[in-house]
Amino acid sequence: MTACLVLSMLAAYYGVTIYKNMYMEYKEKMDYAYTYTTYFKCYAEEASDFPVLPERIECNLKILDCWIYADSMNATNIANISLYSSDENWPLVSGDYADSHQQKKKEPIIVLGQEHLTNTYARGNEQYYKLYGDEYRVVGVFGSDKSKVYDYSILLYWDCLGEHALQRLLSDNDGAFYLALESNSVDTNQIFETYIKDNYNVVMDSYDTVATGTSAPPFYEKGFCIVIYLFCFSCIAVVIQFWLRQRKHEMQICRAFGFTNKKILLRLIYSLGLLLGLSLVIFILCCLIINMLLGNIVAEYNLGFSWYTILPYTGTVILSIVLVSGRAVYMFLHKSIIENL
């Protein structure tokens, strides 16, 4: 009985909360998406092999999903590298994107997601971050209140790469790179056809995802939540049915000893409350253990107790109790002892 209740709680907590956050990440990615985006693959063995756009073109050109080595945390991260920056869309919680003046100075600068700030270090009034042994000054911080989809992002600038970054970039990717053209004002497919296709070693590719986004949810959030809560309802209904069978003999004894219907009902509520309370304690312990063991994974989904999970689940529990046990208890309390045998 307790296992079924705990399972239903875990299903509601992890199923709904994780899907809710995936849905919010996808929605936010769509909110900050460009009007036009074209993805293609570029083959480059030297820096001069990468496409160059005329300055008058209002379009971003980025190398996507580059694996980079971060000295400050002894791990690899995924970064996007801007070859040409015109108008950036991603949300910032502080600072700003690098302007053309900063990029022309060729100073190593970087825009970080706020989750990376724990690995930065201060020097004077500035924050710095290390990649490939090179020191980058943080000029902006990605982030949003709605989701964590941008909190792990890293944006570098082609003209502002550190001394070792370009060499490592070319050697680590075996000469094949995924690039994206992004714009809110010009057709990026036309830009690709006019300025890139015939002038560089590139091909159109089926690459249709973005490093900062999750894939679209497989179906609507409401439908997914309904399935989760139907599963919870089934688990709770099984528990209530089993619980009623165990309590039937107890209620017969109480009736035989002259207990009033009110007292019998209070005993039933007390017994059910203890069962729910025990299951809740076990559920909380399970969550603490799971979140501790998988902290680096579940942290991305902001798992925590929220009303959009608690209230529907509480409603499911109440509905299950009323539908499964309401009529049975009522009939028992209004029949004689002999009729209940």
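**Exercise 1.** State how much surface the protein chain exposes and what share of it carbon and sulfur atoms supply.

*Solution.* The exposed surface of the protein chain comes to about 18500 Å², of which carbon and sulfur atoms supply 58%; such areas are computed by the Shrake-Rupley method with a 1.4 Å probe, and for residues only the protein chains shown count as cover. The model is predicted, with local features requiring pLDDT of at least 70 and side-chain atom pairs pLDDT 80 or more, whereas totals for chains, interfaces and linings use all residues. Residues are numbered from 1 along each chain as its sequence is written, and side-chain values use heavy atoms, leaving out hydrogens and water.

**Exercise 2.** Determine what percentage of the protein chain is buried, and which residues of α6 are buried.

*Solution.* Buried residues (under 20% relative accessible area, with exposed over 50% and partly exposed in between; 1.4 Å probe, protein chains only) account for 43% of the 341 residues in the protein chain. Turning to α6, the buried residues are I264, L268, S271, L272, L275, S279, F283 and C287.

**Exercise 3.** Establish how many disulfides the structure holds, and where C232 stands.

*Solution.* With a disulfide taken as a pair of cysteine sulfur atoms within 2.5 Å, the structure holds zero disulfides. C232 is accordingly in no disulfide, the nearest cysteine sulfur, that of C235, being 6.6 Å away. C232 counts as buried because its relative accessible area is 0%, and C59 counts as buried because its relative accessibility is 1%.

Terms used. Helix = DSSP H or I, 4+ residues; strand = E, 2+ residues; numbered from the N terminus.
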